[in-house]
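Please open the model in your viewer and keep the selection tool at hand. The tour moves from stop to stop, saying at each one what to select and what is to be found there.

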Amino acid sequence: MHMDMNPNVSPDSIAEMKKMYGLDKPIPVQYADWVGRLMRFDFGRSFLDQRPVIAKIADRLPATLLLSGLSLFTIFILAIPLGVYSAMHHNSKKDRFITVFTFVGYSIPAFWLALLCMLFFGVILGWLPISGMRSVNHDMLGAVDKFWDYCAHLILPVFISAFGGLASISRYTRSNMLEVVRQDYIRTAKAKGLPRHSVYYLHALRNALLPIITIIGLALPGLIGGSFIFETIFSWPGMGRLAYESAMNFDYPTIMGIAVIGAMLTLIGNIIADILYAAVDPRIRL
Amino acid sequence: MPNLKLSGVQVLFRDARQQPVPVVREVSFETQPGKTLGIVGESGSGKSMTALSILGLVPFPGKVKGSIKYHDKELIGLPDEKYEKIRGAGISIVFQDPATALNPVFTIEKQLVETILAHRQIETREAKKQALDSLMGVDIPSPEKRIKDYPHQFSGGMKQRILIAMALSCDPDILILDEPTTALDVTVQAQILDMVERIQNFNKMTIILISHDLGIISEISDEVAIMYAGRIVEHGTIKDILDNAQHPYTRGLLDSIPKLGVHKAKLNAIGGFPPNPSELPSGCPFHPRCPRKIEKCVQQDPPYTMNKLKFACWNPGPTNG
Amino acid sequence: MIGAGIVIVLILLSLTAPVLSPYDPQAQDLSLRLQPPSASHWLGTDEYGRDVLSRMLYGGRISLSVGFVAVGISLLIGIMLGAIAGYFGGWVDQLIMRTVDVVLCIPTLFLILMLIVFLGPNLFNIMVIIGLTSWTELSRLVRAEFLSLRQRDYIQAARALGVPDFIIIFKHILPNALAPVFISATFGIAGAILLESGLSFLGLGVQPPTPSWGNILTTGKDYITQAWWLTLSPGISIFLTVLGYNLLGDGLRDVLDPRLSGGEEHA
Ligand SMILES: Nc1ncnc2c1ncn2[C@@H]1O[C@H](COP(=O)(O)OP(=O)(O)OP(=O)(O)O)[C@@H](O)[C@H]1O
Ligand SMILES: [Mg+2]
């Protein structure tokens with residue numbers, strides 16, 4: 001480990017720390033202890049400030065959940081209509097335009113886009129704050145202004161962290177729609193004389209949404225993991241930024257705790273996705 | 001008075017080299033209220049495409065030409081909003097495979113009710129009542145319970161009944177059945193055809209029954225049209241076709257109907273396979289398989305005779321021997 | 001194909017970087033700090049007066065090697081595990097696929113962060129770490145192909161004849177399963193390049209003074225109001241590179257695997 005290589009740490013304090021972190025016991029015992037503690041969310045104390053890791057994470061988690069939740073929501077309400085629209089105008093100019101947009105979306109480095117947006121909206125136009133969660137004068141604001149202050153701080157981080165997902169989910173929605181639209185039951189719906197919009201937005205979309213729910217569940221680790229890039233850029237006081245700070249300071253217990261909590265969030269997300277899936281697909285009973 | 005009149009209908013696709021490929025060629029027929037027209041042909045002969053062209057549902061790159069008149073109203077080129085009024089309410093269709101024809105994520109009730117509401121200005125409650133009635137009409141046991149079920153909870157035969165109920169729910173005057181029983185087992189086939197005939201006796205609708213099985217067709221049709229390679233090759237009353245078929249292809253089909261006591265009659269009594277629509281043979285497209293082929297058949301596609309029994313053949317005859 | 005064009009140009013540029021570079025990418029000249037683009041420095045200079053164009057060209061080599069090495073590693077692991085799981089099935093399959101599920105559950109970037117902290121951030125480690133954390137999708141893909149190919153008659157026949165599993169896997173199944181793997185690998189290169197530049201941007205990847213597009217962009221961020229060229233050139237380069245591989249992957253998919261591209265629709 002890196003502290004062995006750090007000449008500023010005295011041998012005494014190394015021994016002391018080893019004891020404190022249980023490193024003096026045999027390896028298998030250490031391992032069992034460690035797994036047991038992880039299960040109980042006992043990640044130990046931070047190397048950095050000696051606070052319990054779980055408390056540090058708990059401080060930061062709400063900000064991350066807010067950001068990821070809003071990003072997910074943004075992806076949902078923008079990407080799905082975009083994908084459906086693109087599928088309905090399959091191979092037209094509009095569809096090609098959206099396809100180009102999605103390729104740009106996949107390929108543009110989000111952290112670079114973040115920089116450009118910060119420069120443009122934050123520095124040049126001065127419309128939006130570019131870092132943190134609230135303004136310096138936040139505490140002096142009235143309730144309504146406080147709310148708007150939060151909103152203003154959220155816009156860029158949410159937009160940037162939703163951007164990549166936007167492209168891939170809309171692309172995915174499009175290909176799903178194109179697949180579903182070829183199914184026999186869509187032909188039946190047309191043959192019944194249903195109007196075009198209910199054929200697409202009701203019959204086709206409902207079926208196309210099923211796999212999208214799963215995909216969003218799968219996209220969750222990316223979103224949560226990605227939070228460390230976006231939160232760092234926007235100085236967002238969340239778990240991702242904590243992960244970055246801990247990494248820069250070799251604070252292993254904290255990083256470990258964050259990884260476990262991240263995995264847990266992913267699991268919860270997947271369970272929610274499964275429940276949602278069962279709710280919209282009558283063929284599945286829980 | 002015919003209620004539907006097709007004249008010279010063509011359905012064209014394009015192949016990889018952008019050459020037009022006719023999958024339906026020069027199809028003309030009329031239908032009368034209360035009568036059943038059977039359309040028979042091998043797989044790929046263009047039966048389903050003909051049906052889809054009537055409903056304006058030919059899949060995307062396909063083009064329909066000619067004229068399709070429904071009560072003197074031209075359907076080809078009709079804008080979607082107007083076509084929607086006719087689909088399901090004037091002309092209904094039941095497709096080939098009941099297993100996939102119902103939307104898996106909606107209840108039967110929803111799918112019936114939305115059809116009714118698309119065509120009738122009534123309240124949802126009234127539409128639900130009508131939906132239930134339509135299920136009773138197709139012999140679904142305890143419909144008031146089953147109506148809340150999803151498609152996957154029904155057997156194939158039941159799904160087909162539901163699809164028929166749906167097609168009939170707005171009292172169309174023309175019902176197209178595209179191989180309604182091919183995917184079902186024999187006893188269910190018979191029940192469903194009986195039921196359809198019973199309904200027809202009652203409401204005097206026109207039925208266009210599509211099948212590759214001349215046996216099934218002959219049971220309930222008044223008229224039969226035989227299709228080969230996208231074209232109607234023989235067309236007449238059921239009696240004329242059964243007793244007096246002139247086209248060698250029709251003869252071949254007749255010979256392949258399983259007769260009482262004769263098991264395992266070979267379905268394809270005619271050797272060979274139907275041609276690919278993008279590579280039709282010269283002259284009469286049937287000539288490579290025809291037992292009565294003469295020289296002229298290779299050179300020219302035969303026109304229709306204009307008798308009571310219409311057929312397209314250079315060397316017609318009552319036997320293939 | 002635009003994608004193939006971009007990719008070829010980029011590969012050529014980075015192969016010939018030492019020849020093309022007008023300056024030594026490390027050579028500092030503090031009298032020329034933060035010069036805007038000019039005839040002598042086409043893309044300007046950075047905060048130490050180094051030539052940005054030369055640094056960009058060398059940075060391209062880094063991106064390219066990260067893309068290829070990382071994907072190479074993930075191909076190796078992904079194909080091995082996917083092939084074993086798909087070919088043998090049973091408990092082997094269960095074991096491998098459950099492992100994949102567990103790995104998939106941990107947010108990849110946290111995993112990468114953890115590994116970087118343990119192993120230390122440098123070019124070699126970054127390549128290995130990205131490779132080690134990106135094989136899961138490939139292994140699923142290969143497994144699925146193997147599961148379906150294994151059922152084919154000629155494979156069954158080969159097994160019945162006692163052809164060794166090893167030979168069947170490598171000679172008979174793998175070549176037929178390669179198309180989707182190839183497509184996925186192309187997208188994988190795009191992903192790896194994006195990831196490396198992101199990590200380097202945050203100071204967790206390739207460390208200065210070695211030039212990488214990501215760490216040039218870090219400088220760009222620090223001087224964003226004074227030196228726009230430091231933000232623009234690396235950003236556009238990363239974007240075009242990733243776009244190139246994505247387009248190439250998409251093009252390959254159309255060519256190699258037509259069933260995956262969109263179909264037609266009822267009129
Ligand atoms: N979307 C399409 N594009 C091009 N050709 C098509 C398309 N759909 C069908 N065809 C072709 O049109 C021809 C007629 O098809 P159709 O479905 O009408 O046959 P069918 O008589 O109903 O056969 P079956 O008994 O198998 O249902 C076939 O040769 C088929 O290959
Ligand atoms: Mg058909």
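Select A:Arg60 in helix H4(A), where a kink of about 35° lies shortly before the proline A:Pro62; the bend at a residue is taken here as the angle between axes fitted to the seven residues ending there and the seven starting there. Widening the selection to residues 53-88 of chain A shows the whole of H4, whose 36 residues reach 50 Å from the first C-alpha to the last, close to the 52 Å expected at 1.5 Å a residue; that expected span is 1.5 Å times one less than the number of residues. Helices (H or I, at least four residues) and strands (E, at least two) are DSSP runs, numbered from the N terminus.

This is a predicted model, in which local features need pLDDT of at least 70 and side-chain atom pairs count only at pLDDT 80 or more, while totals for chains, interfaces and linings use all residues. Residues are numbered from 1 along each chain as its sequence is written, chains are lettered from A and ligands numbered from 1 in the order in which they are written, and side-chain values use heavy atoms, with hydrogens and water left out.

Turn next to chain B and select residues 156-168 (H7) together with residues 186-203 (H8), two helices whose axes come within 10 Å and cross at roughly 15°; axes are lines fitted to C-alpha atoms, for helices over the stretch in contact, and angles run from 0 to 180 degrees between N-to-C directions. That angle makes H7(B) roughly parallel to H8(B), a term for angles under 35 degrees. Their crossing is right-handed, meaning that the near helix is turned clockwise from the far one by less than a right angle. On the H7(B) side the contact (heavy atoms within 4.5 Å) includes B:Gly157 and B:Ile164, and on the H8(B) side it includes B:Ile192 and B:Val196.

Still in chain B, select B:Pro141, which lies in the loop between helix H5 (124-137) and helix H6 (143-146). Leaving aside neighbours within four places in sequence, B:Pro141 is in contact with B:Arg146 and B:Met158; the C-alpha atoms of B:Pro141 and B:Met158, 17 residues apart along the chain, are separated by 9.6 Å.

Now go to B:His71, in the loop between strand S4 (63-70) and strand S5 (73-74) of chain B. B:His71 is not a glycine, yet its phi is positive, at about 45°.

Finally, display chain C, which has eleven helices and zero strands and whose C-alpha trace spans about 75 × 50 × 40 Å along its principal axes. Select H1 (residues 2-15) and H3 (residues 52-88) of chain C, where the axes come within 8 Å and cross at roughly 115°. The last selection is C:Pro209, found in the loop between helix H9 (165-201) and helix H10 (213-222) of chain C, where a cis peptide bond with omega of about 10° joins C:Pro208 and C:Pro209.

Technical notes:
Parallel < 35°, antiparallel > 145°, perpendicular 65-115°, else oblique.
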